[in-house]
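Hi everyone, thanks for coming. Please get the viewer open and keep the sequence beside you, and we'll walk through this one together.

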Amino acid sequence: MVGGRRAQARFIIALTGAASGAASLSPAHASAWTQAAGDKQWFGNVSRETGDYGQTWRADDYVEMGFGGGWGATAKIESAIRIANQYDDKSGLQVGLVKSFALSARASISLSASALAGEDLEGPDCQGGGYESRAALGTSYNVFGREGFVNVETARRTRGSLCDRTLAEATAGIDVVGGLKLLAKAYSEDGDGAHSTKAEASLLYDFGPVSLGLGWRQEVSGHFEEKGWVLSALRKF
């Protein structure tokens with residue numbers, strides 16, 4: 001799903017111990033935060049889902065970088081191949097700017113604006129240029145010595161009067177042990193020809209600068225059936 005993949009690219013968290021001995025989130029890579037100045041992050045995602053629409057393969061490449069002062073930039077290329085009675089493939093591009101505003105040491109909000117090109121992967125054919133506006137609210141927490149976060153987002157996406165979409169996302173993550181993290185999220189897309197709500201759970205493990213993850217995604221809206229595995233990789237620069 002288009003909106004959900006943006007959230008995936010941002011909710012990987014890095015955890016360090018504070019000098020006082022209490023754990024702290026530093027930095028927090030949830031979408032209410034931006035990267036630090038000069039920092040960059042790449043996220044790749046491949047999934048295979050089966051259901052009412054046959055077999056669907058999806059792939060995403062997402063990059064974000066920080067400029068400092070709460071400013072950042074993002075770019076994403078995404079594609080989907082659906083194999084059913086007919087073969088259908090789509091691809092899209094999104095480029096945007098993000099500005100975050102700290103509410104406290106553990107909470108932040110962000111606003112972003114993005115330009116769209118190519119095709120929308122969900123619903124009927126929506127092609128050409130468009131834009132997306134998005135707002136996010138996130139906070140980190142500590143439970144029994146484990147660091148985690150919660151992030152919620154809402155967005156409005158349009159490619160013209162017949163391709164308006166509303167997106168909503170909620171993501172939570174917690175450090176399980178060592179470099180192993182548990183992530184859970186729900187996201188929905190609604191509007192012209194697109195009605196989908198999906199839930200997803202993933203485990204990720206840090207291998208130095210690279211994190212690898214395995215997850216399960218399933219449609220829960222009741223409009224149709226679709227489910228499958230998700231493989232992901234993250235690299236920080």
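Let's start with a small puzzle: leaving aside its neighbours within four places in sequence, which residues is Leu231 in contact with? Find Leu231 on your screen; it lies in strand E14. The residues in contact with Leu231, once those neighbours are set aside, are Gly44, Asn45, Val46, Gly213 and Leu214. Here is another pair to look at: Leu231 and Leu212 are 19 residues apart in sequence, and their C-alpha atoms are 7.7 Å apart in space.

Before we go on, please remember that this is a predicted model.

Now let's step back and look at the whole protein. The chain has 237 residues, and 45% of them count as buried. Its secondary structure comes to 1 helix and 14 strands. What do the strands build? A closed barrel of 12 strands, running E3-E4-E5-E6-E7-E8-E9-E10-E11-E12-E13-E14, with antiparallel pairing. From one strand to the next, the twist averages 20°. As a reminder for the newcomers, strands of a sheet pair through backbone hydrogen bonds, and they can do so in a parallel or an antiparallel way.

What about contacts across the chain? Taking the contacts with a separation of 6 or more, 52% are between residues 24 or more positions apart.

Let's go around part of the barrel, strand by strand. Strand E7, residues 107-118, is joined to strand E8, residues 130-143, by 10 bridges, and the two run antiparallel. If you want a spot to zoom in on, take Ser110, whose bridge partner in E8 is Ala136.

After E8 we reach a loop, and I'd like you to stop there. Phe144 lies in this loop between E8 and E9. Is Phe144 buried or exposed? Phe144 counts as exposed because its relative accessibility is 83%, and the cut-off for that word is over 50%. The backbone of Phe144 deserves a look too: phi is near 50°, a positive value in a residue other than glycine.

Moving along, strand E9 covers residues 146-158 and strand E10 covers residues 164-177; they pair in the antiparallel sense over 11 bridges. Phe149 stands opposite Gly173 of E10. E10 also pairs with strand E11, residues 180-191, again antiparallel, over 12 bridges. Across that pairing, Leu167 has Glu189 in E11 as its bridge partner. How many residues sit between E10 and E11 in their hairpin? There are 2, and Gly178 in the turn has a positive phi of about 55°.

Next, the charged residues. The count of salt bridges comes to 17, and I've picked a few of them. In one, the side chains of Glu132 and Arg134 meet, with 3.0 Å from N to O. Are these two buried or exposed? Glu132 is buried, since its relative accessible area is 1%, and Arg134 is buried as well, at 5%.

Compare that with Arg156, which forms a salt bridge with Asp164, the closest N and O atoms being 3.7 Å apart. Arg156 is partly exposed, with a relative accessible area of 39%.

My third pick is Asp206 with Lys181, whose side chains meet at 2.5 Å, N to O. This pair links distant parts of the chain, 25 residues apart, with Asp206 in strand E12 (residues 194-207) and Lys181 in strand E11. Asp206 is partly exposed at 24% relative accessible area, while Lys181 counts as buried at 3%. There is also a network of salt bridges that share partners, and it joins Glu49, Arg58, Arg82, Lys185, Lys198, Glu200, Arg217 and Glu226.

Last stop, the surface. The protein exposes about 10700 Å², and carbon and sulfur atoms supply 63% of that. Which residues make the nonpolar surface patch of about 890 Å²? They are Val46, Trp57, Ile81, Ile83, Tyr87, Leu214, Trp216, Trp229 and Leu231. Strands E5 (71-83), E13 (210-219) and E14 (226-236) are the elements that give two or more residues to this patch.

And that brings us back to our opening puzzle. Leu214, in strand E13, is among the residues in contact with Leu231, and both belong to the patch. Why can Leu214 be part of a surface patch? Patch residues need over 30% relative accessible area, and Leu214 is partly exposed at 45%.

Thanks for listening, and do keep turning the model while we chat.

Terms used. Residues numbered from 1 in each chain as written. Predicted model: local features only at pLDDT ≥ 70, side-chain atom pairs only at ≥ 80, totals over all residues. Heavy atoms only, no water. Patch = residues over 30% accessible without salt bridge, like charges linked within 9 Å, V, L, I, M, F, W, Y side chains within 5 Å. Areas by Shrake-Rupley, 256 points an atom, 1.4 Å probe, with all protein chains shown as cover. Salt bridge = Lys/Arg side-chain N within 4 Å of Asp/Glu carboxyl O. Helix = DSSP H or I, 4+ residues; strand = E, 2+ residues; numbered from the N terminus. Buried < 20%, exposed > 50% of the residue type's maximum accessible area, 1.4 Å probe, protein only. Pairing = 2+ DSSP bridges. Axes fitted to C-alpha atoms, helices over the stretch in contact; angles between N-to-C directions. Contact = heavy atoms within 4.5 Å.
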